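Some terms used for helix packing and nonpolar cores rest on cut-offs. The turns below set values against those cut-offs.

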Amino acid sequence: MPDADLKNAILQLTNLIARQQHQIEAQQQQIENLGIRGHPGSGSEKIIESLASGIQDFQYDPDGGVFFDGWYARYEDVITKDGQSLDDAARVRLLLRKLSTPLHEKYVNTILPNHPRDFTLDETVTKLKKLFGRQKSVFHSRYQCLQYAKSDADDFTSYAAMVSKHCEAFQLSKLTPDQFKALRFVCGLQSPRDADIRTRLISKLEADETAVNEQGEAASKVTLENLVEECHRVSNLKQDTLMVENKEARNVNIVSRKPKNPVKNPKIPKTPC
């Protein structure tokens, strides 16, 4: 065979193989497209499967200091950054998938009659933080911060880490100067005689904290002057209560001293027997 004919035959064979390869690739692409259209969630599910394998299941353990906010802070970037190709609903599914069965059931029961898919990721995170977060009051966290001290068993690095943790729980950036003065005032009321007043003032601080979180710093009404007025008011109420109790006690004593059946003087005969 002449060289020219051989080259033409090789060229034709190469073109034929290229066309067949192109047809095979096109068919494979059509099959993949049909598969994706037939299962719209398959792509997302594969990503969820991959991300879920790197996330530890959440187990709520308040006694051990395991809360949802700390767990979520550890894996937030995995869900939001690594899973940025997922839509919001898929991220919610990924998050709820990492809850243990009892916790997932508790969350689902809590939001009834709604369904988990009815909430965005941010709304879901907010609800889970409330449900599986720290149940202690803000006052408790701030008081613990002020009282925390290094133990002999702690090294300086561990002590610094705990100080940082307590200071973050203190939420100093959310505290107004008047609120800090009020906090210091209440922390100094340590006598058992001030127990009732202390309870009232702590309740007042918590209510003020809620108002500030919902409406801003302008809603804060706690000042040292207000707390002193509340102290005097509670003291006066206690004195009034004691006064009423003493009056009731006196009335009971008076009634108890009266003879139930007074004996009448017998008649004296006019003449002796």
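Q: Which residues in α3 meet which residues in α4?
A: In this predicted model, Phe68, Trp71, Tyr72, Ile79 and Thr80 of α3 meet Arg91, Leu94 and Leu95 of α4. By class, this contact of α3 with α4 has six nonpolar, one polar and one charged residues.

Q: What makes Arg91 the charged residue and Thr80 the polar residue of this contact?
A: Arg is listed with Asp, Glu and Lys as charged, while residues outside the nonpolar and charged lists, such as Thr, count as polar.

Q: Why are α3 and α4 called oblique to each other?
A: Helix α3 (residues 68-80) and helix α4 (residues 88-97) pack at an angle of about 135°, and their axes are 11 Å apart. Roughly perpendicular covers 65 to 115 degrees and roughly antiparallel needs over 145. The angle of about 135° fits neither range, so α3 and α4 are oblique. Their crossing is right-handed.

Q: What makes a set of residues a nonpolar core, and how many residues has the largest one?
A: The residues must be buried, of the listed nonpolar kinds, and joined through side-chain atoms within 4.5 Å. The largest such core has 27 residues, and those with the most contacts inside it are Phe68, Trp71, Tyr72, Leu95 and Leu128. The helices α2 (42-52), α3, α4, α5 (101-110) and α6 (121-131) each supply at least two residues of this core. Helix α3 gives the most, with six residues.

Q: What is Leu128 in contact with, leaving aside its neighbours within four places in sequence?
A: Leu128 is in contact with Phe68, Leu95, Leu96, Leu99, Tyr107 and Gly133. A second, separate core of 16 residues includes Cys145, Leu175, Cys187 and Leu201.

Definitions and conventions: Residues are numbered from 1 along each chain as its sequence is written. This is a predicted model: local features need pLDDT of at least 70, side-chain atom pairs count only at pLDDT 80 or more; totals for chains, interfaces and linings use all residues. Side-chain values use heavy atoms; hydrogens and water are left out. Axes are lines fitted to C-alpha atoms, for helices over the stretch in contact, and angles run from 0 to 180 degrees between N-to-C directions. Helices (H or I, at least four residues) and strands (E, at least two) are DSSP runs, numbered from the N terminus. Angles under 35 degrees count as roughly parallel, over 145 as roughly antiparallel, 65 to 115 as roughly perpendicular and the rest as oblique. A crossing is left-handed if the near helix is turned anticlockwise from the far one by less than a right angle, and right-handed if clockwise. Contact means heavy atoms within 4.5 Å. Buried means under 20% relative accessible area, exposed over 50%, partly exposed in between (1.4 Å probe, protein chains only).
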